[in-house]
Amino acid sequence: MRFDAALARPPAAAVRWSIVVLLLLAWEILPRIGAISPLFLPPLSETLAVIVADRAEYADALRTTLAECAVAFVIACGGGVLCGAAIGSVAFLRRLLLPLASGVYAVPIVILYPVLTVWLGIGGAAMIAFAGIYGFFPTVLATAAGIRTIDPNYLVAARSMGAN
């Protein structure tokens with residue numbers, strides 16, 4: 001008799017959903033039986049009850065957080081792609097700014113958080129600046145590297161078709 005290993009495995013989606021269900025059950029049961037202090041992790045049902053009761057406050061906080069994330073995303077991705085494209089395309093900028101961007105990227109970003117907090121205060125501006133800087137330099141370096149690795153034959157073909 002032949003054993004087919006593929007038939008013995010449950011589908012990946014079933015495994016993922018099982019893990020989610022088990023985590024939610026653990027969240028509910030472990031604080032109730034005293035395995036985890038309810039001060040550290042309240043049961044899921046109590047957490048959901050508080051969310052429903054204070055939904056207006058949570059919705060306001062969620063709107064603020066999403067707006068801050070959107071601004072930081074524009075700074076990181078929009079600014080990073082534009083600067084990376086300029087650095088990757090222009091040889092003078094590449095020689096001048098690529099070592100600087102690489103050096104700044106090598107600095108642990110956590111060092112900047114106290115400085116940003118002193119400059120911008122505790123609040124949204126410091127968080128936006130921190131998140132924007134956190135994503136800006138990797139985006140610049142990846143975009144510059146991507147532009148530099150374009151096959152020269154593609155550039156010749158594009159120019160032959162009228163691209164500048």
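Arg-32 is a handy place to start: this residue is partly exposed, with a relative accessible area of 48%. Keep in mind that you are looking at a predicted model. From Arg-32 we'll follow the salt bridges, of which a search of the whole structure turns up three. After that come the contacts between helices H4 and H7, a nonpolar core of seven residues, and a pocket of about 160 Å³.

**The salt bridges around Arg-32**

- Side chains of opposite charge can pair when their charged atoms come close.
- Arg-32 meets the side chain of Glu-28 in a salt bridge, at 2.7 Å from N to O.
- Glu-28 and Arg-32 are four residues apart in helix H2, which covers residues 12-33, so about one helical turn separates them.
- Arg-32 also forms a salt bridge with Glu-46, and here the closest N and O atoms are 3.6 Å apart.
- That second pair ties together parts that are 14 residues apart in sequence, because Glu-46 lies in helix H3 (residues 44-53) while Arg-32 lies in helix H2.
- Glu-46 counts as partly exposed, at 39% relative accessibility.
- Put together, Glu-28, Arg-32 and Glu-46 are linked in a network of salt bridges.

**The salt bridge in helix H4**

- Asp-60 pairs with Arg-63 in a salt bridge whose closest N and O atoms are 3.9 Å apart.
- Both Asp-60 and Arg-63 sit in helix H4, three residues apart, which is about one turn of the helix.
- How accessible are these two? Asp-60 is partly exposed at 43% relative accessibility, and Arg-63 is exposed, with a relative accessible area of 54%.
- Thr-64 is in helix H4 too, and this residue counts as partly exposed at 39% relative accessibility.
- Thr-64 and Tyr-154 are 90 residues apart in sequence, and their C-alpha atoms are 44 Å apart in space.

**Where H4 and H7 touch**

- Ile-75 lies in helix H4 and is partly exposed, at 38% relative accessibility.
- Setting aside residues up to four places away in sequence, Ile-75 touches Gly-80, Ile-128, Gly-132 and Phe-136.
- Ile-75 and Val-21 are 54 residues apart in sequence and 37 Å apart in space, going from C-alpha to C-alpha.
- Phe-136 is in contact with Ile-75, Ala-76, Gly-79, Gly-80 and Cys-83, leaving aside its neighbours within four places in sequence.
- Thr-139 lies in helix H7 and counts as buried, at 18% relative accessibility.
- Thr-139 touches Ala-76, Cys-77, Gly-80 and Val-81, again not counting residues up to four places away in sequence.
- Gly-84 is found in helix H4. Is this glycine buried or exposed? Gly-84 is buried, with a relative accessible area of 0%.
- Once residues up to four places away in sequence are left out, Gly-84 touches Val-140, Thr-143, Ala-144 and Ile-147.
- Gly-84 and Ala-142 are 58 residues apart in sequence, yet 7.4 Å apart in space from C-alpha to C-alpha.

**The largest nonpolar core**

- Which residues make up the largest nonpolar core? The seven are Ile-87, Ala-101, Phe-136, Phe-137, Val-140, Leu-141 and Ala-144.
- Helix H7 gives the most to this core, with five residues.
- Some core members have already come up: Val-140 and Ala-144 are among the residues that Gly-84 touches, and Phe-136 is one of those that Ile-75 touches.

**The largest pocket**

- Rolling a probe the size of a water molecule over the atoms shows where empty space is left.
- The largest pocket has a volume of about 160 Å³.
- What lines the largest pocket? Its lining is Gly-88, Ser-89, Ile-147, Arg-148, Ile-150, Leu-155 and Arg-159.
- Three helices each supply at least two residues of that lining: H4 (55-89), H7 (124-148) and H8 (152-160).
- Sorted by class, the lining has three nonpolar, two polar and two charged residues.
- Ile-147, one of the lining residues, is also among the residues that Gly-84 touches.

Terms used. Residues numbered from 1 in each chain as written. Predicted model: local features only at pLDDT ≥ 70, side-chain atom pairs only at ≥ 80, totals over all residues. Heavy atoms only, no water. 1 Å grid on protein atoms, 1.4 Å probe; cavity = no way out; pocket = protein on both sides within 12 Å on 5 of 7 lines; lining within 4 Å. Points joined across faces, edges and corners; volume = space filled by probe spheres on them. Nonpolar A, V, L, I, M, F, W, Y, C, P; charged D, E, K, R; others polar. Buried < 20%, exposed > 50% of the residue type's maximum accessible area, 1.4 Å probe, protein only. Contact = heavy atoms within 4.5 Å. Core = buried A, V, L, I, M, F, W, Y, C linked by side-chain atoms within 4.5 Å. Salt bridge = Lys/Arg side-chain N within 4 Å of Asp/Glu carboxyl O.
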